[in-house]
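Work through the exercises below with the structure open beside you. Try each task before reading its solution.

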Amino acid sequence: MKVKLREVHSVFAWTWHIPKESQDAHAETIDDNDGDDVCGICRASYNATCPGCKFPGDGCPLVVGECNHNFHVHCIYRWLDTATSRGLCPMCRQTFQLKKGLAINDSQISKFQELRNKQWQTRQQEFGDQQDPETNPLEDQDDPMMDQGLIVR
Amino acid sequence: MSRAKRIMKEMQAVKDDPAAKINLEFVTESDIHHLKGSFLGPPGTPYDGGLFIVDIEVPMEYPFKPPKMKFDTKVYHPNVSSVTGAICLDILKNAWSPVITLKSALISLQALLQSPEPNDPQDAEVAQHYLRDKDSFNKTAALWTKLYASANGKDSEKDVDEAKLYGIDPALVEHFEALGFAKPKIVEVLRRLGIKTLDSTDDATDDKITDELLRSS
């Protein structure tokens, strides 16, 4: 018997690949209704878009934090850009930094670096600090001000 | 845009978890940014048996800014204004995080009822009562729960003894009533001075109250 293929329709599915350990850390802190992890900020699936985007995928990627918490890049950027965030991860309140050595984060590094520099400058103005602006802002990771837990008052 | 989507998702999450006994609904169909939430008073506290209703306003910038929450139900609690229902809770202010939901905020309020923070009060009078005489505070808080927060408590609201409502010893009020002062005035002055009971030998305080009553009448 001979079969002649006239046409082929291919269907593809994709999901973001979230590094294993970061997924585990995440599963504990987020309600997982349909087996589909959601971004803690917008509550939309990682594989869908943040509320501001129309097309999922490279246009609306994820980032993974040093603390293994993931968000849509647009969501976490918008949070870190507010004064109330104090640069902290919304989940664990550690200073939010992109995890190093992940392809998914690489394209965002410069954007987040800019944001950190901007915040550093604002903070300096706020406190009227005399500190040398040449000090590397990235060394400012253990600021006790940043280390407040979730205390119910 | 992001706000509307998230609110709808949060609504669903509350509906999907009836075990939490938390309710969340829109005030009107046309405005999804004004909601009312409610939860039950935590067991083993003076708020047990009460249903507490919270007014929720969701700001434009939500979830990047916290929702505005205040109690509609009158609550006798150090961190809640007994007059306006304003709430003093850090996560609704500077400790807000966008991963907190309306549901988790309501659960935090429930936890706040369970563990008051009298040293960071919203209502100084109530906080003083709590610190000075916890038993008396608990009685008053339970009375408020019964009067204002119980499902069928609405009709009993009228006939409340004012002195009892603020945990003031009725004998103390009677003592000044016998001197010819009006009861509402006595209660007002005693509340202002933060006095709930008085030792019959404490003439100095007795005089202070009388002076205050004379001055304000």
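**Exercise 1. Find how far apart the domain centres of chain B lie.**

Solution. The centres of domain 1 of chain B and domain 2 of chain B, taken over C-alpha atoms, are separated by 37 Å. Next, place the bounds: domain 1 covers 2-114 and domain 2 covers 161-217 of chain B. Such bounds come from an automatic or database domain assignment. Finally, set this against the whole chain: the C-alpha trace of chain B spans about 65 × 35 × 30 Å along its principal axes.

Before going on, fix the conventions. This is a predicted model, in which local features need pLDDT of at least 70 and side-chain atom pairs count only at pLDDT 80 or more, while totals for chains, interfaces and linings use all residues. Residues are numbered from 1 along each chain as its sequence is written, and chains are lettered from A and ligands numbered from 1 in the order in which they are written.

**Exercise 2. State the predictor's confidence in chain B and in the complex.**

Solution. Start with pLDDT, the predictor's confidence in each residue, from 0 to 100. Chain B averages 90, and 95% of the residues score at least 70. Then go element by element. Helix α5 (residues 162-165) of chain B has the lowest mean pLDDT, 82. The highest, 97, belongs to β4(B). For the complex, the predictor gives an ipTM of 0.72 and a pTM of 0.77.

**Exercise 3. List the secondary structure of each chain.**

Solution. Elements are DSSP runs numbered from the N terminus: helices are H or I with at least four residues, strands are E with at least two. Chain A has 4 helices and 2 strands. Its order from the N terminus is α-β-β-α-α-α. Chain B has 8 helices and 4 strands. Its order from the N terminus is α-β-β-β-β-α-α-α-α-α-α-α.

**Exercise 4. Locate the annotated active site in chain B and judge its exposure.**

Solution. First take the record. An unreviewed UniProt entry places "domain: UBC core" at residues 2-150 of chain B. It is given in the numbering used here, with a shortened feature name, and may be inferred rather than shown by experiment. Over residues 2-150 the chain is 35% helix and 18% strand, with its end C-alpha atoms 36 Å apart. The feature "active site" (unreviewed UniProt entry) is at Cys88(B). Now find Cys88(B) in the model: the residue lies in the loop between β4 and α2 of chain B.

Is Cys88(B) buried, partly exposed or exposed? A residue is buried if 20 or more other C-beta atoms, placed from the backbone, lie within 10 Å of its own, exposed if 12 or fewer, and partly exposed in between. Cys88(B) has 19 C-beta neighbours inside 10 Å, so Cys88(B) counts as partly exposed.

For contrast, take Gly59(A), found in the loop between α1 (20-27) and β1 of chain A. Gly59(A) is exposed because 11 other C-beta atoms lie within 10 Å.

**Exercise 5. Trace the largest nonpolar core.**

Solution. A nonpolar core is a set of buried Ala, Val, Leu, Ile, Met, Phe, Trp, Tyr and Cys residues joined through C-beta atoms within 7 Å. The largest has 59 residues, and those with the most contacts inside it are Cys39(A), Ile41(A), Cys75(A), Ile76(A) and Leu109(B). Elements giving it two or more residues include β1 (62-64) and α2 (73-80) of chain A, and β2 (31-40) and β3 (51-57) of chain B. The largest share, 6 residues, comes from α2(B).

Now look at α2(A): 7 of its 8 residues are buried. Among them are Val73(A), Cys75(A), Ile76(A) and Trp79(A). Their cover includes β1, β2 (70-72) and α4 (109-127) of chain A. Beyond four places in sequence, Ile76(A) touches Ile41(A), Val63(A), Phe71(A) and Phe96(A). Touching here means C-beta atoms, placed from the backbone, within 7 Å.

**Exercise 6. Describe the contact between the chains.**

Solution. Count residues: the contact takes 24 from chain B and 18 from chain A. On the side of chain B that touches chain A, α1 (2-15) and α2 of chain B each give two or more residues. The largest share of that side, 5 residues, comes from α1(B). By class, that side has 13 nonpolar, 4 polar and 7 charged residues. Here Ala, Val, Leu, Ile, Met, Phe, Trp, Tyr, Cys and Pro count as nonpolar, Asp, Glu, Lys and Arg as charged, and the others, Gly among them, as polar.

Key: Contact = placed C-beta atoms within 7 Å.
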